[in-house]
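Biologist: Please pick one loop as a starting point and give me a close look at it, then follow the chain's neighbourhood from there. I am new to this, so explain each term with its cut-offs as you use it.

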Amino acid sequence: MKEDNVWQMTLERLDKTMALLGLTPGVQKYLREPRKIIEVAVTVKMDSGDIDIFKGYRIQHNTNRGPAKGGIRYHPQVTADEIKALALLMTIKCAVVNIPFGGAKGGVIVDPKKLSLRELENLTRRYTFEIINDIGPEKDIPAPDVNTNSQVMAWIMDTYSIDKGYSVPGVVTGKPIELGGSLGREYATSLGCVYTILSTLKTMEIDTSELNVAVQGFGNAGYHCARILYDMGFKIVAVSDSGGAILNKTGLDPYLVLEHKNKTKSVVGYKNSEDISGDDLLTTDCDILIPAALENQITEINSPNIKTKIIAEAANAPTTPAGEEVLLENNIFIIPDILCNAGGVTVSYFEWVQGNLSYFWSEREVKLKLRDIMEKAYLEVYKIHKDKKVDMRTAASILGVKRVARAMELRGIYP
Ligand code: NAD
């Protein structure tokens with residue numbers, strides 16, 4: 001297996017879970033296969049007047065438990081294999097937190113930093129148009145992911161609505177509040193991640209005061225994780241983005257780091273901090289390490305040098321199987337992505353429910369409902385981890401895959 005092929009790595013983990021569950025070969029075959037793979041050429045008229053073409057994907061892995069659900073990312077390294085893997089993880093993740101969705105993911109091979117705002121809008125609208133027959137509130141509901149945000153969701157919603165002839169807010173989640181977005185959605189992934197960290201500290205009987213945290217990635221997931229933990233009294237000792245990393249053992253103020261990043265486009269060079277390499281961030285001495293950037297960041301190469309007690313996977317698939325083996329040998333507790341970052345899709349589910357009913361909840365209500373779901377899922381996973389003596393990722397996967405397989409069994413195979 002090529003270590004950096006996230007699809008092979010995700011399948012390997014799925015196979016392990018399905019074998020533990022004793023699923024029949026037919027069901028195993030079914031769960032390995034994405035239901036629908038859409039590949040499109042996104043044609044965009046650039047500001048120069050030239051035409052450019054970007055390859056885009058929307059992949060729906062499974063819809064047995066409800067409409068497909070998953071983010072859209074814009075990144076130069078997007079591949080079909082990556083999107084397939086992330087779609088499969090979405091299927092399992094939605095089942096782990098027991099919300100009525102299947103799994104999907106979308107992506108466009110593009111470096112959005114090289115596009116003007118107008119080109120970004122053109123790309124988004126054209127991509128939406130190319131997949132328009134396969135998305136919708138009852139079919140497949142996109143959301144933000146790497147390099148996409150509420151503005152991108154607003155353009156998708158508008159394009160879809162124009163095609164239908166009426167407003168369809170339920171086609172995407174992560175929308176601006178003014179267009180039917182849910183309060184709390186912007187930081188839901190991070191708040192959910194923090195709830196799983198707090199549950200871990202409770203089960204490990206670790207006192208939460210004076211704990212040091214390092215965060216890889218200072219985008220939506222990473223910034224809000226750092227901010228929420230900072231507000232709770234944790235010490236944020238290091239953060240990074242694609243430009244590099246910074247360290248201050250006495251603690252960084254994430255609000256001020258964000259101000260600096262907004263001005264300079266990177267966390268690097270922030271006052272009162274030392275510039276370090278991205279690799280150094282991962283091996284920083286800390287109690288909690290939060291990978292919140294991309295896949296394959298923690299590998300067998302750097303994992304022997306990782307000095308933390310807990311890894312909270314805010315990102316999807318940040319740890320390779322070989323890297324994980326080393327971490328587990330070193331007794332590092334991993335809160336796996338399919339549990340740790342499920343707060344985002346959970347509040348997306350709340351947004352979808354609120355939109356469908358046109359009845360909107362207070363921020364307090366959203367947070368309380370999110371906490372209930374995350375704590376319940378955590379305890380269910382933790383129980384499997386203890387009862388079956390498997391690592392937390394395998395435990396979460398057992399919980400999710402079992403629910404998906406059961407839904408498939410109940411629905412049967414058409415015709
Ligand atoms: P984002 O685009 O807002 O932020 C990504 C951040 O990662 C940026 O700060 C970028 O500079 C940084 N980055 C990229 N490469 C890096 C590298 N090599 N080293 C250090 N930093 C690097 O994206 P996001 O929405 O925060 O997503 C981050 C991760 O969280 C992804 O894996 C995504 O799938 C996952 N996730 C996001 C959500 C959500 O609601 N946004 C939900 C679930 C999971």
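**Starting from one asparagine**

Modeller: Asn-331 counts as exposed, at 68% relative accessibility. Here is the scale: buried means under 20% relative accessible area, exposed means over 50%, and partly exposed lies in between, with a 1.4 Å probe and protein chains only. Before we go on, please note that this is a predicted model, in which local features need pLDDT of at least 70 and side-chain atom pairs count only at pLDDT 80 or more, while totals for chains, interfaces and linings use all residues. Residues are numbered from 1 along each chain as its sequence is written, and side-chain values use heavy atoms, with hydrogens and water left out.

Asn-331 sits in the loop between α10 (321–329) and β12. Names like these come from DSSP runs, numbered from the N terminus: helices are H or I with at least four residues, and strands are E with at least two. The backbone of Asn-331 has a positive phi of about 60 degrees although the residue is not a glycine.

The loop leads us to a sheet. β12 (333–335) is one of its edge strands, and β9 (274–276) is the other; each pairs on one side only. Seven strands make up this open sheet, with mixed pairing, in the order β9-β8-β7-β6-β10-β11-β12. On average, neighbouring strands here are turned by 20 degrees against each other, direction ignored. For such angles, axes are lines fitted to C-alpha atoms, for helices over the stretch in contact, and the angles run from 0 to 180 degrees between N-to-C directions. Two strands are said to pair if DSSP finds at least two bridges between them. For example, 4 bridges join β7 (235–241) to β8 (244–247) in the antiparallel sense, and Ser-240 has Ala-245 of β8 as its bridge partner.

Now to the ligand. A residue counts as near it if one of its heavy atoms lies within 4 Å. The ligand is surrounded by 24 residues, and the closest are Asp-145, Thr-189, Asn-220, Ala-221 and Asn-316. A polar contact is a pair of N or O atoms within 3.5 Å; within protein, one must be able to donate a hydrogen and the other to accept it, and residues adjacent in sequence count only if both atoms are side-chain atoms. Asp-145 brings a polar side-chain atom to 2.7 Å from a ligand oxygen. Asn-220 instead uses a backbone N or O atom, 2.8 Å from an oxygen of the ligand. A polar backbone atom of Ala-221 is also 2.8 Å from a ligand oxygen. Taken alone the ligand exposes 830 Å², of which the protein buries 84%; the areas come from the Shrake-Rupley method with a 1.4 Å probe, and for residues only the protein chains shown count as cover. The elements giving two or more residues to this shell are α7 (220–231) and β7, so β7 links the sheet above to the ligand. By class, the shell holds 8 nonpolar, 11 polar and 5 charged residues. Ala, Val, Leu, Ile, Met, Phe, Trp, Tyr, Cys and Pro count as nonpolar, Asp, Glu, Lys and Arg as charged, and the others, Gly among them, as polar.

Another asparagine makes a good comparison. Asn-147 belongs to the loop between β5 and α5, and its phi is near 65 degrees, a positive value in a residue other than glycine. Asn-147 is partly exposed, at 38% relative accessible area.

On one side of that loop, β5 (140–144) pairs with β3 in the parallel sense over 5 bridges, with Asp-140 as the bridge partner of Ala-68. β3 also runs parallel to β4 (103–109), joined by 4 bridges, and His-75 stands opposite Ile-109 there. β3 (68–75) is mostly covered, with 8 of its 8 residues buried.

On the other side, α5 (150–164) contains Ile-156, which is buried at 1%. The loop between α5 and α6 (188–203) then holds Lys-175, also buried, at 6%. The side chain of Lys-175 reaches the backbone oxygen of Pro-169 at 2.8 Å, and one of its polar atoms lies 2.7 Å from the backbone oxygen of Val-172.
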